[in-house]
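User: Please take a close look at one helix in this model and describe how it packs against its neighbours.

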Amino acid sequence: MERITDKTKRKNWIDGDTFAVKIENYSDKYNGKYLILIKSVNDIWKKDFESKDEFEKYMRNSPSFYIKITKDKEIPNTYEELNKLEFIKTWVIYTDDSTINKFNKGLYSEADEFNYTYEYLYKLYFHREFNFSDFIYIGNYKFDCPKNEFIPYRWVELTSYYTKFDWIKNLIDDYENYNLRKSSHFTPEGSKRFADKYKGNVIFVEEFLKLSKLEMKKTKEIYLYGLGPKLYDAGLALEIRTDYRKYMRKNKKNNQSSEEMIKELCDCYEDYINDPIEGPLFWITLADLLMKDNILTEYTKKKALEAIEQDLDNWRVKGTYIERKKVLDSIKKKLEDHIL
């Protein structure tokens with residue numbers, strides 16, 4: 001069966017997927033232009049995770065991008081056109097030997113005339129109702145990283161934006177400040193003040209990294225387990241429900257059996273089913289939907305009842321465990337009482 005490749009859904013994004021997002025409500029100078037978002041994973045971040053699966057799951061729920069900006073109001077559609085566009089710099093780092101040796105772990109970065117290197121990777125945390133239809137899929141491309149990129153070990157971007165305008169505004173502000181050099185960092189007084197403050201001093205990076213680890217833990221809890229204890233508080237549950245309705249329409253149109261429809265949906269979510277956190281959520285959501293349509297199967301019922309216990313184990317460390325248990329206890333009773 002051909003897999004769903006709907007790029008308006010985050011679960012279908014892969015490394016190199018490139019999107020155009022139109023700029024609106026900013027200024028006449030930028031309105032109508034496009035931000036180009038290139039989904040990207042830097043291998044150095046993998047050291048923050050105990051396993052490859054945990055790393056990939058985290059990156060799926062809080063994707064990172066290299067971002068470019070168009071010069072006009074047209075969407076580039078070739079690699080050559082995209083490659084000519086400028087990467088947006090999202091942060092400036094005063095770089096000396098101490099910061100490079102301690103935090104960049106041997107990655108070579110070419111500092112500019114101010115001894116600055118820059119952060120380019122930009123992490124976006126999307127809330128569960130974010131409308132990805134604004135992300136216009138262009139294709140899958142890979143570009144060379146900027147030579148003055150600084151990626152320290154255990155570096156986690158803390159920015160968290162929940163509305164389209166907020167994160168777009170923030171990126172354009174970064175472009176103005178760092179690419180166009182309108183920040184005071186690029187004045188004689190500002191650059192001296194910045195250098196005097198951070199030259200030979202790595203404490204500011206260390207303190208930031210401590211905050212980053214705490215933020216990562218909180219983010220993993222929120223975005224890997226869902227935003228709340230209700231079943232459809234989780235983005236994955238909402239995606240399953242959307243796909244379920246799509247397959248139901250296809251099922252009726254093609255006169256398929258319920259079993260055939262369920263198999264196709266399971267095939268679509270195969271990568272999630274084997275995940276210790278997302279797998280239980282899949283079976284509980286699917287069983288809930290099938291039960292409401294009175295087409296629940298014995299196999300799905302069994303898998304969902306097993307999944308409820310596993311899901312509760314996943315929630316034991318969370319402050320909303322009691323609320324989650326009430327929700328799942330209600331679903332469990334309905335499943336047990338449901339007549340097939």
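Analyst: What follows describes helix H10 and its two helix contacts, with a short note on H11. The model is predicted.

H10 covers residues 278-292, and H12 covers residues 321-337. Their axes come within 11 Å and cross at roughly 50°. Because angles from 65 to 115 degrees count as roughly perpendicular and those under 35 as roughly parallel, that angle makes H10 oblique to H12. The crossing is left-handed. On the H10 side the contact is made by Leu281, Ile284, Ala287 and Met291, which meet Arg324, Leu328, Ile331, Lys334 and Leu335 of H12. Sorted by class, this contact holds 7 nonpolar and 2 charged residues, with no polar ones.

H8, residues 258-268, is the other partner described here. The axes of H8 and H10 come within 12 Å and cross at roughly 155°, which makes H8 roughly antiparallel to H10. This crossing is right-handed. From H10, Phe282, Trp283, Leu286 and Leu290 take part, meeting Met261, Ile262, Leu265 and Cys266 in H8. The contact of H8 with H10 has 8 nonpolar residues and neither polar nor charged ones.

An α-helix has 3.6 residues a turn, so residues three or four places apart point the same way.

As for H11, this helix runs over residues 298-315. Its 18 residues reach 26 Å from first C-alpha to last, close to the 26 Å expected at 1.5 Å a residue. Buried residues in H11 include Thr300, Lys301, Ala304, Ala307, Ile308, Asp311 and Trp315.

Technical notes
Residues are numbered from 1 along each chain as its sequence is written. This is a predicted model: local features need pLDDT of at least 70, side-chain atom pairs count only at pLDDT 80 or more; totals for chains, interfaces and linings use all residues. Side-chain values use heavy atoms; hydrogens and water are left out. Axes are lines fitted to C-alpha atoms, for helices over the stretch in contact, and angles run from 0 to 180 degrees between N-to-C directions. Helices (H or I, at least four residues) and strands (E, at least two) are DSSP runs, numbered from the N terminus. Angles under 35 degrees count as roughly parallel, over 145 as roughly antiparallel, 65 to 115 as roughly perpendicular and the rest as oblique. A crossing is left-handed if the near helix is turned anticlockwise from the far one by less than a right angle, and right-handed if clockwise. Contact means heavy atoms within 4.5 Å. Ala, Val, Leu, Ile, Met, Phe, Trp, Tyr, Cys and Pro count as nonpolar, Asp, Glu, Lys and Arg as charged, and the others, Gly among them, as polar. The expected span of a helix is 1.5 Å times one less than its number of residues. Buried means under 20% relative accessible area, exposed over 50%, partly exposed in between (1.4 Å probe, protein chains only).
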